[in-house]
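This report goes through a few features of one structure. The sequence and the model are shown first.

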Amino acid sequence: MNLFLHLAWRNLWRNKRRTLISTSSVFFAVLLALIMRSMQNGSYDYMIQSSVGLYLGYIQIHGEGYWDKRSIDQSIVVEAEKLQSFASNPQVTHVVPRLESFVLLSKGVSTKVAQVIGIDPPREDAMTGLAHRIHAGRFLQKNDTGILLGTGLAKFLNAHCGDSVVIYGQGFHGVTAAANVPVVGILKFPLPDLDNTMSYLSLEYAQWLFDAPGRVTSVALMISSQAQLANVRSQIERMAGEKTEVMTWQEMMPELVQSIQADSAGGILMLLILYIVIGFGIFGTIMMMTNERSREFGVLISIGMKRWKLITVTVMETIMISLLGAGVGMVVGIPVLWYLYLHPIPLTGDAAAAMVAYGLEPIIPFSMAPGIFIAQTVIVFSLAVVCAMYPLLVIRKLKPVAALRS
Amino acid sequence: MKRESLHIIVLMVFSCSISSAQDALEIIRKADELMRGKSSYAQITMTIVKPEWQRKMTMKAWSLEPDYSMIYVLAPARDKGTVTLKRGNEVWNWLPSVQKVIKIPPSMMLQSWMGSDFTNDDLVRASSIVTDYTHTLLGSEAYEGVECYKIQLIPKPEAGVVWAKVVVWISIKGFLELKTDYFDEDGKSVKSFVGSKVKSFGDRQLPAHWEMIPNDSPGNKTILEYDDLKFNISMNEDYFSLQNMKRVH
């Protein structure tokens, strides 16, 4: 066996140019497939990450029917001990209670519909990094009686830090919720949708304002990894108790899941075309190589070389070429992707505008998930191995006399 | 001969339908007149009934046909002094706790008013059951033991009405609108408005107890009880000003 390996290796370097051409065709194939898939998966991860991490969380616990009706009347009482018990799950990294409602915000003659969210400031900041979005003024504190406004909202109302705005809406079970609250901070969101509609109160103040003591409309959970989602969900479901619903981000955003699936199907089709092109590229070089060497094979067989030995050596050569190409592809691909992963490509123009409209930052992110590297390398490698069947067939059927004369 | 008799039958049927249409219109007009006045004052107790909770509010309401009305909340204490003013297509709220008048923006018009089964838009929409519909008398039918005319109302194309069809039961004696059913395009009954407990208010006999029952959400309803109701009181448009809104009590 060692001899075969040795022979195969020597054969490779007998014609350096031929080997280099074959290797580089595999190399480029791996690199291309890697970059393409990494870009696709990166953007899906990014979409999920930004929706989930920015606000939604991987899992949310609501009162039964809240997600459909979005009414504060479906709020639930969640005691501190219960929040603790959610947090005690080893997979759960953040537990964020919220009291959400739609209200009218008014200052002077301007009035606007806004989403107001009562938050536990430190917990909210730990999950979504809200405090870093403060553009002017300060972040909320526990029991704060002030309000934070998105920049767009503040601009519409012409409100600055220190001004007062009137909140008017409906509280729990239809009570009137009205209050004059000082603006303590202005938040800058990357997404205009949030910027124009979001406002934050402290949870305690929101509970007082909406006459919903101890109540929350949702508890958002962040977990350590997407892979644990189903597992954690069933554990949380058991803990949450009656008259609640536990939903994953997929259930809360089916449209995101669908758009990812649709896009991914398109991406896989593109990859398929790429694989076909790559496959024929590799096949072409191997066919050329085999035909070039048919005289050599003829000589070897006629002086008594066993065909299977010859086949073993040529298959080994092809595998070596594939391994070399795939290996170099990985070696070059990893730092390139690592760089792109750390420095996503910024988008400009119409594409950027479209992404902003979808509520995403206009960048092309890349994924460094190990699955991509393994999958692409394995696929391209097996393509090469399939191509290695060609010399095998040729050698089996080779007529030494004809080959010698060619 | 045959042809002539056919003509006569057609003529008879035709004249019949005309007379029934007139009858229906006449009945609707009488019922509508009974419910309205040039101006009115009422004291109302509104109970919002939901499957898990109930809430009672008392309020005073003034109206001046066709464009003006004002509602002052007396109880519960937390909402006392809140005023809703309707002027034409606009709805304004006065919030005494923050000393501020807020105009309800168009996007909030379909939101519920004070947590009830009425929307802000219900307060504003001024479709007339007399002029905005074509009326057909479907016959007479007993409703809760009271013999009633059953009349179908189909909105005229130009009328801004969201319903595909409305059916009302009007008592033969007294022309009281005892029940109104609202239907959507699929022919499904969306909500019913039901009156009962006839009382005399001044010179008129009217149901004092009204229930708004949304048929798609069981266990929900809004009950209106008229504790007092006066018609044709003396008032003019000035009463329904943004300034007066802050002063009424």
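What follows covers a pair of helices, the nonpolar cores and one exposed residue.

The model is predicted. In chain A, the axes of helix H11 (residues 254-292) and helix H16 (residues 389-397) come within 9 Å and cross at roughly 25°. An angle under 35 degrees counts as roughly parallel, and H11(A) and H16(A) are therefore roughly parallel to each other. The crossing of H11(A) past H16(A) is right-handed. On the H11(A) side, the contact involves A:Phe283, A:Ile286, A:Met287 and A:Thr290, which meet A:Tyr390, A:Pro391 and A:Val394 of H16(A). By class, the residues of this contact are 6 nonpolar, 1 polar and no charged.

In soluble globular proteins, nonpolar side chains tend to be buried together. Two separate cores are listed here for this model.

| Core | Number of residues | Residues, among them |
|---|---|---|
| Largest nonpolar core | 86 residues | A:Ile147, A:Leu149, A:Val165 |
| Second, separate core | 21 residues | A:Ala29, A:Ile282, A:Ala326, A:Leu337 |

In the largest core, the residues that touch the most other members also include A:Ile167, A:Val219 and A:Leu221. Strand S8 (residues 176-187) of chain A gives this core its largest share, 8 residues. Beyond its neighbours within four places in sequence, A:Val165 has contacts that include A:Leu105, A:Ile147, A:Leu157, A:Val181 and A:Val183. A:Ser106 and A:Lys107 are also among the contacts of A:Val165.

Is A:Ile276 buried or exposed? This residue belongs to helix H11 of chain A. A:Ile276 counts as exposed because it has 11 C-beta neighbours inside 10 Å. A:Ile276 and A:Leu383 lie 107 residues apart in sequence, with 9.1 Å between their C-alpha atoms.

Conventions:
Residues are numbered from 1 along each chain as its sequence is written. Chains are lettered from A and ligands numbered from 1 in the order in which they are written. This is a predicted model: local features need pLDDT of at least 70, side-chain atom pairs count only at pLDDT 80 or more; totals for chains, interfaces and linings use all residues. Axes are lines fitted to C-alpha atoms, for helices over the stretch in contact, and angles run from 0 to 180 degrees between N-to-C directions. Helices (H or I, at least four residues) and strands (E, at least two) are DSSP runs, numbered from the N terminus. Angles under 35 degrees count as roughly parallel, over 145 as roughly antiparallel, 65 to 115 as roughly perpendicular and the rest as oblique. A crossing is left-handed if the near helix is turned anticlockwise from the far one by less than a right angle, and right-handed if clockwise. Two residues are in contact if their C-beta atoms, placed from the backbone, lie within 7 Å. Ala, Val, Leu, Ile, Met, Phe, Trp, Tyr, Cys and Pro count as nonpolar, Asp, Glu, Lys and Arg as charged, and the others, Gly among them, as polar. A nonpolar core is a set of buried Ala, Val, Leu, Ile, Met, Phe, Trp, Tyr and Cys residues joined through C-beta atoms within 7 Å. A residue is buried if 20 or more other C-beta atoms lie within 10 Å of its own, exposed if 12 or fewer, and partly exposed in between; C-beta atoms are placed from the backbone.
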